[in-house]
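Colleague: May we go through this structure together, beginning with a single residue and ending with the sheet?

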Amino acid sequence: MSDWSEEHLHQDYRQSLRVDRLIYDSETDHQRLRVFENARFGRVLTLDGVVQTTEGDEFIYHEMLTHVPILAHGSARRVLIIGGGDGGMAREVLRHPDVAHVTMVEIDAGVVEFSRRYLPSLSAGAFDDPRLELVIDDGAAFMRGEGPLFDVIIVDSTDPVGPGEVLFTDTFYGHARARLAKGGILVTQNGVPFMQGGELTNTMRAFRALFSDWGCYLASIPTYAGGPMAFGWGTDGTARQTDVAELSRRMAAAALSPRYYTPEVHKAAFALPGYVARLMPTG
Ligand code: SAM
């Protein structure tokens, strides 16, 4: 009889992945970490029972939260990642040779330590890159502080429950905006609108008050169940206007060969279906 990992993120909907081999299961000071193998998705990381990332589909999520803002920006040198303990986001950011410095603020050292050991394909050496500065701290506390400005800020957090909750507040977004350099871009993991539409509306309401260019873009990641996931987008710059030809030029200059991202997909990702567009704040 197989064991199953059942995700209870939503009160009225559950998804289960078969546990073909349990690799790690432990509590840290912040959350319960599990890694198990599944025939279809490879190694799967869950935190408090919620799928965080899988070897099988993580490339979609990590490519879209990094290459979209960085290629749109065009001259990002300093990038900040909030969360991202598995190292996949850092891996993709560090593929950009012009990025000189990546600060990663992760609340749970246990996620980093065990991801390095049990999910090495995700970080793929990112933690040993001299450009990466790993800070173990609450991202909200870090953002409140004084410090350098960033060209791109990526919030790669858990969902707004537990330690991730503070990263979905107006206060946090306001502090993030204050840490953006001129033309800087803030992007956020903002859940699956079909299942978590209220979270997206709340974030967009905050972004509307903070940024001249605000909105979201979409990509479907199979293990984030319920349809496409939304990524919040906020900037006072003109990066959204970067066209396919220029994105293609920048992608070639960076010698990127993504498995999901293309310049055409980048532009199309901002085209919202009606049910998502209707979640945007009005009035
Ligand atoms: N891709 C996943 C998703 O979309 O839900 C996120 C993956 S990543 C593992 C999420 C990380 O956010 C975890 O390592 C978790 O420890 C971290 N995290 C949660 N709350 C945080 C906070 N307040 N400050 C910094 N990191 C936080």
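**Arg91 and the sheet**

Modeller: Arg91 has 9% relative accessibility and therefore counts as buried, where buried means under 20% relative accessible area, exposed over 50% and partly exposed in between (1.4 Å probe, protein chains only). This is a predicted model in which local features need pLDDT of at least 70 and side-chain atom pairs pLDDT 80 or more, while totals for chains, interfaces and linings use all residues. Residues are numbered from 1 along each chain as its sequence is written, and side-chain values use heavy atoms, without hydrogens and water.

Colleague: In which helix is the place of Arg91?

Modeller: Helices (H or I, at least four residues) and strands (E, at least two) are DSSP runs, numbered from the N terminus. The run that holds Arg91 covers residues 88–93, and this is helix α2.

Colleague: What separates the C-alpha atoms of Arg91 and Leu122?

Modeller: Contact means heavy atoms within 4.5 Å, and Leu122 is among the residues that Arg91 contacts beyond its neighbours within four places in sequence. The two residues lie 31 residues apart along the chain, and their C-alpha atoms are separated by 7.3 Å.

Colleague: Which strands are at the edges of the open sheet?

Modeller: Two strands pair if DSSP finds at least two bridges between them. The open sheet has four strands in the order β3-β4-β5-β6, with antiparallel pairing. Each edge strand pairs on one side only, and these strands are β3 (21–27) and β6 (50–54).

Colleague: Which residue in β6 does Val44 stand opposite?

Modeller: Strand β5 (residues 42–47) pairs with β6 in the antiparallel sense over four bridges. Opposite Val44 in β6 stands Thr54.
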